[in-house]
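I opened this entry to look up how helices pack and how the chains meet. My notes follow the structure below.

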Amino acid sequence: MSRQPQRALTEGPWVRALLISVALAFIGLFLLLPLIVVFTEALRNGVLPYLAAIREPDAVSALLLSLKIVAIVVPINVTFGIFAAWAIAKFRFPGRSLLVSLIDLPFAVSPVISGLVYVLLLGSRGVMGPLLQDWDIQIIFALPGMVLATLFVTFPFVARELIALMEQQGNDEEYAARTLGAGGWQIFLRVTLPNIKWALLYGALLSAARALGEFGAVSVVSAMCAATPTPCRCRSKSCTTNINFRQRSPWRRCWLCLRW
Amino acid sequence: MQVAVQGLSKAFGETAVLHDINLVVPEGQFCALLGPSGSGKTTLLRIIAGLEFAESGQVLFDNLDVADRSARDRQVGFVFQHYALFRHMTIADNVAFGLQVRERKLRPAAAVITRRVAELLELVQLADYGARYPDQLSGGQRQRVALARALAIEPRVLLLDEPFGALDARVRKDMRTWLRGLQTKLGLTSILVTHDQDEALELADSVAVMEHGHIIQCASPQAIYDQPATPAVYAFLGGANRLTCRVSNGQLFIGDVLLGPLAASDDSAVDLYVRSHDVELLPAAAGTGLQGELLRLTWGGGMTHALVRLQSGTTVEVDVPPWSAQGHSWGVGQAVSVRLRRYGVFGTRAGAHPAASVGL
């Protein structure tokens, strides 16, 4: 009689084993196996050809471009992520829920489409095209365009990490600091920032990883044109269309290692 | 410093939270804002602190309107219910915070700050805890740190928002006594928000009972207890029974039982309120006139709580002290009688003043 309720509340040991095996198999198949294959293929001919491939001028310029984009995008994301999270977590204002939904928008939109929208807006035949041409500013098919496209897809990461954490931590510490005589910046630097530092770091890392790995939006914006500098992953796509299989590996290897 | 509030009203969107509040706390006095949840007492406290702003009315510190000053400039010490200690700073840094964020020209030297922190930690009996972090302390200790931190800036008024609400009962009692001693020693004007009547009556020099955004009565604890202005105040302090009575020719009756004379303007139905510990339980043979049947007995460790149904049908809660009834043992279903020792009578019209205060 007492065994029945126990059976109803906990699953049997075989169910547990099955669930764990399925989870491990999933991770193994879709995460570990491709990773192992990439590393194996990249180093198939040994370490030296791999290092030589990385030192080619095209490879170096691609790597530098990617890093440049990351160096611009991540600080901007961190700054505006903090602003957005602060406004959403600490205040109630009309349009707050809308702002939260908008922050999640880049996850819902295909990166290729977002790149396309930038072209339609800022390209030479786009809405703002003539204006930009008058001022002789090149956004699409140049670095600013790539930065903008990357910003769009990486923006949510920092904000989402921070909003959840700041809402959970509440406002009491900030109010206490206020009554003790601290000004706005002092409250932010001495009270808020130390409390969110790990979430901020994590959000920045996610943002950087996403920026390095972004392909769709940036490829549209840079139009895969061989004459323009293309970041690493674009090279990898153009290289995969090549018949030469072996040439693929170093490019993929280098952006993959930067991502990880 | 005297704190006064005049004509204060506050609404959150459509909901009015405070209606025309007037309150004066003289210098050095301890005032308690007592009321149930939703009565507006915390909002009132935060408006005095400058953490919220009112739609209309004035907040006066020594007769000077501070309504346009933010919390930063009002020099108030605020103690939160959940301590609000800075979790990433040590205790000593927490206490020093208020002094360290001052403007350069007003900021004391580092050595002075260290000394002041040591003094304050000594005052709250946490002298050796300076290097610890808040999560290494117990609730009572954290609240004392919060108090020390608030006192560091030499506030002109101390505001406490249910400071002992998150502590367990024993710690709460000890902290209460300690806080009262500290406040008397420092002579600091203080305002405490609480929903615990025992706390308010024990700590405060004056109690303001609030309900639905109004201050119903503001007086000394004794006056609040003995001469409550309305049934709500009576009922809020020490769970009261309500009995419907009538007045006839200057005499008070429950049903056909005469209770005593009552100077009332007219023959009418009135409400009688009596606290459960002001009712005496006696065997039926004692013949007080108020006969009834014992419905339920609960023993709460010392005091026994009895529920009696009177002949008129109303139920009355009675507290029976352990030494009472000359050793009678009560049984459920037993015929008993009750005597009302002290009670308050109020007219049934809403807002009427008591027709008589107490009777014996």
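Before assigning a hand, I set down the convention: a crossing is left-handed if the near helix is turned anticlockwise from the far one by less than a right angle, and right-handed if clockwise. I also note that I am working from a predicted model.

Entry on the helix pair. I looked up helix 9 (residues 172–179) of chain A and helix 10 (residues 184–213) of chain A, and found that their axes come within 10 Å and cross at roughly 140°. Helix 9 of chain A and helix 10 of chain A are therefore oblique to each other, since the angle is neither over 145 degrees, which would count as roughly antiparallel, nor within 65 to 115. The crossing of these two helices of chain A is right-handed. I listed the contact residues as A:Glu173, A:Glu174, A:Ala177 and A:Arg178 on helix 9 of chain A, with A:Ile187, A:Val191 and A:Thr192 on helix 10 of chain A. Sorted by class, this contact has three nonpolar, one polar and three charged residues.

Entry on the interface. I then turned to the chains and found 14 residues of chain A in contact with 17 residues of chain B. On the side of chain A that touches chain B, the elements that give two or more residues are helix 9 and helix 10 of chain A, and the largest share, six residues, comes from helix 9 of chain A. I noted that the residues of this side of chain A divide into six nonpolar, five polar and three charged.

Entry on chain B. I recorded its division into domain 1 (3–232) and domain 2 (239–356), and the C-alpha centres of these two domains of chain B lie 39 Å apart.

Definitions and conventions: Residues are numbered from 1 along each chain as its sequence is written. Chains are lettered from A and ligands numbered from 1 in the order in which they are written. This is a predicted model: local features need pLDDT of at least 70, side-chain atom pairs count only at pLDDT 80 or more; totals for chains, interfaces and linings use all residues. Domain bounds come from an automatic or database domain assignment. Axes are lines fitted to C-alpha atoms, for helices over the stretch in contact, and angles run from 0 to 180 degrees between N-to-C directions. Helices (H or I, at least four residues) and strands (E, at least two) are DSSP runs, numbered from the N terminus. Angles under 35 degrees count as roughly parallel, over 145 as roughly antiparallel, 65 to 115 as roughly perpendicular and the rest as oblique. Two residues are in contact if their C-beta atoms, placed from the backbone, lie within 7 Å. Ala, Val, Leu, Ile, Met, Phe, Trp, Tyr, Cys and Pro count as nonpolar, Asp, Glu, Lys and Arg as charged, and the others, Gly among them, as polar.
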